[in-house]
Amino acid sequence: YSVTNNLLVFAGVTLTIDPGVEVKIAGGKSIQISGELNAIGTLNDSIIFEDVDSNTPFSFIGFTDSSEDVVFDSITGNYQDGNIMKYVKVIGGGSSLGSIVFSSSTGLIRNSTVSNSSSAGIYLQKNTTQVNGGGGGPGGGSSINKYVQLDSSSVTNNTGSGFLCSCHQYNIDLDIRYNEITYKNGNGIKTDGNSGGSHKFTVIGNNISFNGTPGVIGYGYSTG
């Protein structure tokens, strides 16, 4: 499949992509999810998103505030519903912010690869025009904790940070575990954007290779 113009999945609509499907996205164009993305491949038959031309990268695959938040079983922790990318390869893109962009939204990325972005691999930001609960001062933003999980994936060879969260005034929980993360510039995992908001960061069992800058850095702290 080829995406030659910006593609919007409306609220209340689910875009389901089957194993083995390849989606080529034109330079500067994006896929924006305001409904739900259900992209589940298999170990031997991944779903692929990539540039039409690597010299003109696509913009991003983005999730807006109205998209379906990921839901996990409260007892088992298993995925139940909401945005999911599993056994997916995202190759290239990132002409704006990152190859995958969460804007006041959540999702699960598992057993997947995000590589060769022209900016960050995965980028999170507060949606300044549509934030749950509003609030403009420190601690404002979402009225509930949002939750993004990156699990057992490879985020590699991206020009900017592997995983970058501009978390100022954005109440979001991050769960980053058992990933391979490499990067050319920036950091492996970075959270910034000044103070404000309530955040729980879980970073477990990741293998981070870096080029002279801290592997994990956050507002007020960093670690190699």
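Here are three short exercises on this predicted model, each with a worked solution.

**Exercise 1.** Work out in which order the strands of the open sheet lie, and which strands sit at the edges.

*Solution.* Start with the order: 8 strands line up as β1-β4-β7-β12-β15-β18-β21-β24, with parallel pairing. Next, look for strands that pair on one side only; these are β1 (2-3) and β24 (207-209), the edge strands. Now zoom in on one pairing: β12 (residues 88-91) and β15 (residues 113-115) run parallel and are joined by 3 bridges. One bridge to check by eye is Ile 91 with its partner Ser 115 in β15.

**Exercise 2.** Take the salt bridge between Lys 24 and Glu 50, and decide for each residue whether it is buried or partly exposed.

*Solution.* First, the contact: the closest N and O atoms are 2.7 Å apart. The pair links distant parts of the chain, with Lys 24 in β4 (residues 22-25) and Glu 50 in β7 (residues 47-51), 26 residues apart. Then bring in the cut-off: buried means under 20% relative accessible area. Glu 50 comes in at 17%, so it counts as buried. Lys 24 has 31%, so it is partly exposed.

**Exercise 3.** Do the same for the salt bridge between Arg 177 and Asp 175, then turn to Asp 151 and Arg 110.

*Solution.* Arg 177 and Asp 175 meet at 2.5 Å, N to O. At 22% relative accessibility, Arg 177 is partly exposed, while Asp 175, at 6%, is buried. For Asp 151 and Arg 110, the closest N and O atoms are 2.8 Å apart. Asp 151 lies in β17 (residues 146-151) and Arg 110 in β14 (residues 107-110), so their salt bridge ties together parts 41 residues apart in sequence. Here both partners are buried.

Conventions. Residues numbered from 1 in each chain as written. Predicted model: local features only at pLDDT ≥ 70, side-chain atom pairs only at ≥ 80, totals over all residues. Heavy atoms only, no water. Pairing = 2+ DSSP bridges. Helix = DSSP H or I, 4+ residues; strand = E, 2+ residues; numbered from the N terminus. Salt bridge = Lys/Arg side-chain N within 4 Å of Asp/Glu carboxyl O. Buried < 20%, exposed > 50% of the residue type's maximum accessible area, 1.4 Å probe, protein only.
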